[in-house]
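Reader: I would like a close look at one part of this protein. Please take me through the zinc site and the strands beside it, step by step.

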Amino acid sequence: MINQELLDILVCPIGKTELRLEEDALVCTKCGTRYPIEDDIPIMLIEEATLPEGVTKVEELACWQEEG
Ligand SMILES: [Zn+2]
């Protein structure tokens, strides 16, 4: 289980946005990208993440566009 303290400092690496904890992933509250949690370690790499439905590349993410 990921502790709250760790969760508080982790953000979406693209938009620096807050994450929501789900059973087996951390999900960006803004762009919806899912970062998997493996052995209690969140994998905060876009290469390992699952993009939200309808998004085929990172450039289409809400977080990415915010950054300009
Ligand atoms: Zn995001």
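Author: Here is a walk from the sheet to the metal and then to the loop beside it. Keep in mind that this is a predicted model.

Start with the sheet. Four strands make it up, in the order E1-E2-E3-E4. The sheet is open, and its pairing is antiparallel. E1 and strand E4 (41–42) stand at the edges. Each has a single partner strand, so one side of each is left without a neighbour in the sheet. As for what holds such strands together, strands of a sheet pair through backbone hydrogen bonds.

Now zoom in on E2, which covers residues 25–28. On one flank is E1, residues 19–22. E1 and E2 pair in the antiparallel sense over four bridges. Leu-21 stands opposite Leu-26 in E2. Glu-22 has Ala-25 as its bridge partner in E2. The two strands form a hairpin, with two residues between them.

Turn to the pairing of E2 with E3. E3 spans residues 34–38. Here the antiparallel pairing runs over three bridges. Leu-26 appears again, with Tyr-35 in E3 as its bridge partner. E2 and E3 also form a hairpin, this one with five residues between them. Gly-32 sits in the turn and has a positive phi of about 80 degrees.

What covers E2? Both of its faces are covered. Ala-25 and Val-27 are buried on one side. Leu-26 and Cys-28 are buried on the other.

Cys-28 leads us to the metal. Which residues hold the zinc ion? Its protein donors are the SG atoms of Cys-12, Cys-28, Cys-31 and Cys-63. They lie 2.3 Å from the zinc ion. The angles among the four donor atoms run from 102 to 118 degrees, and the site is tetrahedral. Along the chain, the donors follow the spacing C-x15-C-x2-C-x31-C.

Look at two of these donors together. Cys-12 lies in the loop between helix H1 (4–9) and E1, while Cys-31 lies in the loop between E2 and E3. The pair therefore ties together parts that are 19 residues apart in sequence. Are these two cysteines buried or exposed? Cys-12 is buried, with a relative accessible area of 0%. Cys-31 is buried too, at 8%. Both count as buried because each value is under the 20% cut-off.

Stay in the loop between E2 and E3. Lys-30 lies here. Lys-30 is partly exposed, with a relative accessible area of 36%. Its C-alpha atom is separated from that of Cys-12 by 8.7 Å, and the two residues are 18 residues apart along the chain.

Thr-33 has its place in this loop as well. Thr-33 is buried, with a relative accessible area of 0%. What does Thr-33 touch, leaving out residues up to four places away in sequence? Its contacts include Leu-26, Val-27 and Cys-28, residues we met in E2. Others among them are Ile-46, Ala-49, Thr-50, Leu-51, Pro-52 and Leu-61.

So one loop brings these pieces together: it holds the zinc donor Cys-31, the partly exposed Lys-30 and the buried Thr-33.

Note on methods. Residues are numbered from 1 along each chain as its sequence is written. This is a predicted model: local features need pLDDT of at least 70, side-chain atom pairs count only at pLDDT 80 or more; totals for chains, interfaces and linings use all residues. Side-chain values use heavy atoms; hydrogens and water are left out. Buried means under 20% relative accessible area, exposed over 50%, partly exposed in between (1.4 Å probe, protein chains only). Contact means heavy atoms within 4.5 Å. Two strands pair if DSSP finds at least two bridges between them. Donors are N, O and S atoms within 2.8 Å of the metal (3.2 Å for Na, K and Ca); water is not among the atoms, so sites may look incomplete. Four donors count as tetrahedral if all angles lie between 85 and 135 degrees; four count as square planar and six as octahedral if opposite donors are over 155 degrees apart and all others between 65 and 115; anything else is irregular.
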